[in-house]
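Me: I would like to go through the terms used for this structure and the values behind them. Please set each value against its definition.

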Amino acid sequence: MVKLDTKIVAFHKVTSAHYNLLLTADPSKEIVDSYLDRAYKFELINCGKLLGVILLIDTRPKTVEIVNIAVDESVQNQGLGEKLLHFALNWAKEQYYSTVEIGTGSTSFAQLYLYQKCGFRVTNIDRNFFVDNYPEPIIENKLVLKDMIRLKKSI
Ligand code: ACO
Ligand code: ACO
């Protein structure tokens with residue numbers, strides 16, 4: 001189990017350890033690079049070790065989107081993803097945003113569970129998003145990923 005002395009702080013310099021995590025949430029380095037510079041970037045550190053990241057970008061007025069969330073595989077399913085989401089929601093509220101959005105694959109069952117557990121509601125579907133934007137087919141939970149489910153939460 002992860003010890004309780006975890007902290008979530010902003011970071012600016014992106015290291016290869018950050019990239020390794022970011023690419024587990026989004027397999028295209030090109031797409032990660034397209035939002036990395038302009039993203040609000042936070043990292044979850046435990047005993048000096050990087051265990052998670054969460055990135056947000058401005059989309060529409062008073063709206064911010066979580067574009068990347070990842071927790072190190074060795075410590076998944078211990079509540080750290082939920083902790084990062086709650087941190088991002090609180091941070092957005094403090095910055096006077098009114099809506100937080102997030103998108104994930106239609107085959108991402110665990111992520112869909114977690115986001116709805118944190119209060120996000122499904123708004124629409126980007127059909128063929130992963131077919132149109134990624135060079136290689138993505139297989140997840142034994143299915144070919146095609147569509148993106150978009151969710152949002154009013155804060
Ligand atoms: N079906 C349903 N629920 C599941 C499944 C499943 N197959 N697998 C796990 N869960 C549940 C767990 O039981 C847990 O719920 P509980 O706490 O109520 O028991 C929950 O999912 C996971 O919650 P956390 O432990 O808080 O989350 P975790 O620390 O594992 O982080 C995350 C979640 C970030 C999605 C992590 O799994 C990860 O990094 N995955 C790889 C990268 C990724 O897919 N990122 C998201 C892409 S979308 C985006 O970035 C916007
Ligand atoms: N996450 C991801 N996959 C899961 C989960 C889960 N939490 N739980 C089970 N599965 C997988 C199983 O592993 C299996 O996949 P696999 O064969 O690739 O391993 C698959 O889901 C289930 O497939 P089957 O065994 O063919 O289906 P089953 O005989 O269980 O019937 C049904 C499915 C009809 C949904 C049954 O569970 C049921 O009667 N549920 C209650 C009623 C219901 O919900 N009906 C559907 C409502 S919608 C409607 O009626 C239009």
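Me: What makes the space taken by ligand 1 a pocket, and how does that pocket rank by size?

Reply: The model is predicted, with pLDDT of at least 70 needed for local features and 80 or more for side-chain atom pairs, while totals for chains, interfaces and linings use all residues. Residues are numbered from 1 along each chain as its sequence is written, ligands are numbered from 1 in the order in which they are written, and side-chain values use heavy atoms, without hydrogens and water. Ligand 1 occupies the largest pocket. A pocket is an open set of points on a 1 Å grid over the protein atoms alone, where a 1.4 Å probe fits, with protein on both sides within 12 Å along at least five of seven lines; a molecule sits there if more than half of its atoms lie within 2 Å of the grid points.

Me: Why does the pair of Lys-117 and ligand 1 count as a polar contact?

Reply: A polar side-chain atom of Lys-117 is 2.8 Å from an oxygen atom of ligand 1. A polar contact requires N or O atoms within 3.5 Å, so this pair qualifies.

Me: Why is the pair of Tyr-40 and Trp-91 called tilted?

Reply: Their ring centres are 4.9 Å apart and their planes stand at 50 degrees. Rings of Phe, Tyr and Trp (its six-membered ring) pair if their centres lie within 6.5 Å; planes under 30 degrees apart are stacked, over 60 edge-to-face and the rest tilted. The pair is therefore tilted. The structure holds eight aromatic pairs.

Technical notes
A polar contact is a pair of N or O atoms within 3.5 Å; within protein, one must be able to donate a hydrogen and the other to accept it, and residues adjacent in sequence count only if both atoms are side-chain atoms. On a 1 Å grid over the protein atoms alone, a cavity is a set of points where a 1.4 Å probe fits but cannot get out, and a pocket is an open set with protein on both sides within 12 Å along at least five of seven lines; lining residues have an atom within 4 Å of a point.
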